[in-house]
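This report describes the fold, the nonpolar cores and selected residues of one protein chain. The structure is shown first, and the description follows.

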Amino acid sequence: FFPQVDSTNAGRVLASDAAVFLKKSGLTDLILGKIWDLADTDGKGILNKQEFFVALRLVACAQNGLDISLSSLNLPVPPPRFTDTSSPLLLSGTASSDVPWAVKLEDKAKYDAIFDSLNPVNGLLSGDKVKPVLLNSKLPVDILGRVWELSDIDRDGMLDRDEFAVAMFLVYCALEKEPVPMSLPAALVPPSKRKHISVPGAMPLIPSSPSTKESHQSLPPVGILAAKTPLTQ
């Protein structure tokens, strides 16, 4: 990416050129501004190669729902994605179908056990069965609403096994003070769903439960959202 932005081989990138390039990441100006501030450490308005690499890493972090901070630089993330139809070079080498799923196998086994404990019908859990699990995390309702919206990938008001794993993954991220992304990063889309992602519809955020008594009965027997072991830096 660096030679595309440093067209004169000066070994540095001007703010104006970097801005045009970084906008192709699809991130908001607010996020890109934060990334620029962290990369341009001494505020000189240009980036050398190393600082440009820092900016690229932070773009990748933001695209995968991670916190935009220098502490995220060492986290494993797929390469950043830039879209520009006029230049095939700018399209990331990894098609979204090839990105490894962010949900690890051992975590998926835990989420599957919770899923089965909630008595799915035909392999699906209704919003009313998922809602108590989400509320159990004590996260703000607006965050839980976004978790539900992102995990109900096919917009049918129900979660299958893979969608439920996405919901649990996002809840754990939020409990560790990581921001819940506004749209589902490619790495979080389950491999089973990568061919057909529907356009977001007007599904209710968290379906309302008919009665509180009923929601208590559908609480799973295990302490679901016990905090994960803290990650060592």
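Over residues 139-174 of this predicted model, the chain is 69% helix and 6% strand, with the end C-alpha atoms 8 Å apart. According to the unreviewed UniProt entry, the annotation "domain: EF-hand" covers this stretch as well as residues 27-62. The two annotated stretches are set out below.

| Stretch | Helix | Strand | Distance between end C-alpha atoms |
|---|---|---|---|
| Residues 27-62 | 69% | 8% | 8 Å |
| Residues 139-174 | 69% | 6% | 8 Å |

**Overall architecture**

The protein chain contains nine helices and four strands. Read from the N terminus, these elements follow the order α-β-α-α-β-α-α-β-α-α-β-α-α. Of the 233 residues in the chain, 44% are buried. Among contacts with a separation of 6 or more, 63% are between residues 24 or more positions apart.

**Nonpolar cores**

The largest nonpolar core has 33 residues, and those touching the most other members are Leu134, Val147, Phe164, Leu170 and Leu184. Two or more residues each are given to this core by helix H5 (105-117), helix H6 (127-136), helix H7 (141-151) and helix H8 (161-175). H8 supplies the largest share, eleven residues. Another core lies apart from this one; it has 22 residues, including Leu22, Ile35, Ala62 and Leu73.

Within the largest core, Leu184 can be followed in detail. When its neighbours within four places in sequence are set aside, Leu184 is in contact with Leu150, Ile153, Val166, Leu170 and Val189.

**Helix H3 and its packing**

Helix H3 spans residues 29-39, and its buried residues are Leu32, Ile35, Trp36 and Ala39. These residues lie on the same side of H3, because they cover an arc of only 100° around the axis. On the face turned away from that buried side are the exposed residues Leu30 and Asp37.

The buried residues of H3 pack against strand S1 (12-14), helix H2 (15-23), strand S2 (46-48) and helix H4 (49-63). With H4, the packing angle is about 145° and the axes are 9 Å apart. The crossing of H3 and H4 is right-handed. On the H3 side, Ile31, Ile35, Leu38 and Ala39 take part, and they meet Glu51, Val54, Ala55, Leu58, Val59 and Ala62 of H4. Ile35 and Ala62, which appear in this pairing of helices, are also among the members of the 22-residue core.

**Two loop residues**

Glu178 is found in the loop between H8 and helix H9 (212-217). Its relative accessibility is 19%, and buried means under 20%, so Glu178 counts as buried. Apart from neighbours within four places in sequence, Glu178 is in contact with Leu66 and Cys173.

Pro120 occupies the loop between H5 and strand S3 (125-126). With a relative accessible area of 26%, Pro120 is partly exposed. Not counting residues up to four places away in sequence, Pro120 touches Phe115 and Leu125. Pro120 is also 9.0 Å from Arg161, C-alpha to C-alpha, although the two are 41 residues apart in sequence.

Definitions and conventions
Residues are numbered from 1 along each chain as its sequence is written. This is a predicted model: local features need pLDDT of at least 70, side-chain atom pairs count only at pLDDT 80 or more; totals for chains, interfaces and linings use all residues. Side-chain values use heavy atoms; hydrogens and water are left out. UniProt positions are given in the numbering used here, feature names are shortened, and annotations may be inferred rather than shown by experiment. A nonpolar core is a set of buried Ala, Val, Leu, Ile, Met, Phe, Trp, Tyr and Cys residues joined through side-chain atoms within 4.5 Å. Buried means under 20% relative accessible area, exposed over 50%, partly exposed in between (1.4 Å probe, protein chains only). Contact means heavy atoms within 4.5 Å. The arc is that of the directions from the helix axis to the C-beta atoms. Axes are lines fitted to C-alpha atoms, for helices over the stretch in contact, and angles run from 0 to 180 degrees between N-to-C directions. A crossing is left-handed if the near helix is turned anticlockwise from the far one by less than a right angle, and right-handed if clockwise.
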